[in-house]
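Visitor: I'd like a close look at a single residue here, with enough of the whole chain to place it. Could you walk me through it?

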Amino acid sequence: MLRSSQPLTGPNRKRCREDEMLLATVLDEGERGFIIDTRSAQAAKQARMTGGGTEPKSFYLRWRRLHRPLERGRPLQESFIKLVEACNDTSINMDRWLSRLESCRWLSHVKAALSTACLAAQCMDREKANVLVHGAEGTDTTLLVTALAQVILDPSCRTLTGFQGLLEREWIEAGHPFHLRCARSAYSHARLKQEAPLFLLFLDCVWQLSRQFPFSLEFGECLLLTLFDNAYASAYGTFLCNNEKERRVGQGENTHSLWAWLNQPGERKKYLNPLYSHNALVIWPSVEPQSIQLWQGLFFRWIRSSQYLDEAWAEIWRLVEGN
């Protein structure tokens, strides 16, 4: 699996022979690859007017391009805001709640992200093909798809240590601009153009996987909630800044790692799934509308006590350790 930003073909359809050779060398003789573009065909075409674009079929003969558009900007942030507002409105009746849940379209974004990740995983697992994923800059929806595909395919990414490595590799070192995307929460009245909860969408998709495969992920919901909290407000430097250079130059020596704290023996247990059993198989999630559920542990956490759920998990741990 490869990832990149968009090729800079521009309105004159410029070629980059080095890029063509690079992708050609990825494929063995007789093999074909798939390019999954997380923009619509129309958006990719419009990007040529500002210097971007996509790979011309005539120069990438053994690569098949598939467009799977995913929102990454203002529409995604507005969807997040509307969902939080609906969840916090305890005065609405059932019909009004269901209407607002549908109109915010958050679950549609979750479904689209999982569907695209499944497509990338299927190309690799069932077609035995190489896959290149890209969007515009390659630091937003591109990372969403490649990270989710690895959780689906690779059992090591479903362990607590492996998942931390995945986040470090596919989000932090890959240059997701956390400072711009997570500058303010859904409660802010400001509407900054660069805000978009891509990382939250990823965490939500992982929660969907954990719900559909409750024994296959070594970590539980508590880890996902902690990661969400630290992406928006943190005493650690792991999610600060917009790229690795900024972190190293500006904050690297002045902050501590979130992973060092999470992996302390006294802390680590809180994030483990007591029902975990190693599963070496690929986990294929259902993306049917009936299978995608609202992440209540996150979106209802401020209006509904988790006391009974916490007590249930404590009892499960007691039973597991007793055996």
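Guide: Here is a look at N230, followed by the chain around it. Keep in mind that this is a predicted model. N230 is found in helix 10, which covers residues 221-232. Its relative accessibility is 10%, and since buried means under 20%, N230 counts as buried. The side chain of N230 has a polar partner too: one of its polar atoms lies 2.8 Å from the backbone oxygen of T226. T226 sits in helix 10 as well, given that the helix takes in residues 221-232. Setting aside neighbours within four places in sequence, N230 is in contact with A235, Y236, F239 and L258.

Now zoom out to the chain that holds this residue. Its secondary structure amounts to 15 helices and four strands. The radius of gyration is 21 Å, close to the 20 Å the globule rule gives for 323 residues, so the chain is as compact as a globular protein of that length. If you're setting up a box, the C-alpha trace spans about 60 × 45 × 45 Å along its principal axes. N230 belongs to the buried group, and that group makes up 46% of the 323 residues. Among contacts with a separation of 6 or more, 80% are between residues 24 or more positions apart.

As for the outside, the accessible surface comes to about 16600 Å², and carbon and sulfur atoms account for 52% of it. On the charge side, there are 39 positive and 36 negative side chains, with the centres of the two sets 7 Å apart.

Definitions and conventions: Residues numbered from 1 in each chain as written. Predicted model: local features only at pLDDT ≥ 70, side-chain atom pairs only at ≥ 80, totals over all residues. Heavy atoms only, no water. Helix = DSSP H or I, 4+ residues; strand = E, 2+ residues; numbered from the N terminus. Rg over C-alpha atoms; globule rule 2.2 N^0.38 Å. Buried < 20%, exposed > 50% of the residue type's maximum accessible area, 1.4 Å probe, protein only. Contact = heavy atoms within 4.5 Å. Areas by Shrake-Rupley, 256 points an atom, 1.4 Å probe, with all protein chains shown as cover. Lys, Arg positive; Asp, Glu negative; His and termini not counted. Charge placed at Lys NZ, Arg CZ, Asp CG, Glu CD. Polar contact = N/O pair within 3.5 Å; in protein donor to acceptor, adjacent residues only side chain to side chain.
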